[in-house]
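Reader: Please show the model, then take me through its ligand site.

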Amino acid sequence: MDDLALMVDLHGDGERQSPGDDAVTRRAIALAGLPGRKNLSIADIGCGTGASTMVLARTLDAEIAAIDFVPEFLETLEDNAHRENLGQKIATHPLAMDALPFDDQSLDAIWSEGAIYNIGFENGVRYWRRFLKPDGILAVSELTWLTATRPDALTEYWERHYPEVDTASAKIAILEASGYSPLGYFPLPSYCWLANFYRPIEGRLGAFLERHDNSDAAQAIVAEHREEIAFYKRYSDYFSYGFYIARRSDG
Ligand SMILES: C[S@@+](CC[C@H](N)C(=O)[O-])C[C@H]1O[C@@H](n2cnc3c(N)ncnc32)[C@H](O)[C@@H]1O
């Protein structure tokens, strides 16, 4: 089994594949000004098993294109959508987030929680903009420094894993330079990381290793996760995901 298949095996049973919470998604929906609008067309990009997709479907009058390149995640989302009778609002698409089939200016909103880093924040917000209608909404969460300075060990760790990590002011400047007008920003509270994401993963690591006979590859993935979790627990004052909500501007 290659590393991607192992990651899918470890994360597929999770309710979410990145830090987050239904209440956080609802807060971003409110900041985006979407409640009450009719017949919205929304893409949830890098949706995973669809924690945010389900909140969007429950909350809004919308058709949602749920996009992820892992078909197993999309199957779980489809099962969940059918269980809640939301299947008619959600269409899944096994696609790469940097080769999307939408028409230009066709979407009311692009949603993406904990996923844009896969193609880089600046690259992603620039590429996705064309698919938004004029005044369309972009709502993305992105790894963010919470302070202007921080311990060197933390800087070194995240610059090795995600060199685009930066402060909220720097991310907002990128949005402004890329043709967006910012509407809101908030950092994710720590329960989104610990209770909702890391604790469930920690509970699955033992069974994951057993399923893969303690293979070197599985042990390496477990070690990476343990290191990341330890960094979060030690340095959570200094970083989080930031949720950025912005409107396409054409001025
Ligand atoms: C960290 S997970 C976040 C999932 C979900 N949004 C959530 O918050 O639980 C990132 C997701 O992006 C997907 N992904 C990564 N690279 C991708 C790409 N190039 N195209 C499409 N999906 C991708 C992964 O399969 C994964 O489901």
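**Ligand site**

Author: The ligand occupies the largest pocket, a pocket being an open set of points on a 1 Å grid over the protein atoms alone, where a 1.4 Å probe fits, with protein on both sides within 12 Å along at least five of seven lines. This is a predicted model, where local features need pLDDT of at least 70, side-chain atom pairs need 80 or more, and totals for chains, interfaces and linings use all residues. Residues are numbered from 1 along each chain as its sequence is written, and side-chain values use heavy atoms, without hydrogens or water.

Reader: How many residues surround the ligand?

Author: A residue counts if one of its heavy atoms lies within 4 Å of the ligand. The closest include Gly-46 and Glu-113. The number surrounding the ligand is 18.

Reader: Which residue has a polar side-chain atom 2.6 Å from an oxygen atom of the ligand?

Author: Gln-17 uses a polar backbone atom, 2.7 Å from a ligand oxygen. The residue with the polar side-chain atom at 2.6 Å is Asp-68.

Definitions and conventions:
A polar contact is a pair of N or O atoms within 3.5 Å; within protein, one must be able to donate a hydrogen and the other to accept it, and residues adjacent in sequence count only if both atoms are side-chain atoms. On a 1 Å grid over the protein atoms alone, a cavity is a set of points where a 1.4 Å probe fits but cannot get out, and a pocket is an open set with protein on both sides within 12 Å along at least five of seven lines; lining residues have an atom within 4 Å of a point. A molecule sits in a cavity or pocket if more than half of its atoms lie within 2 Å of its grid points.
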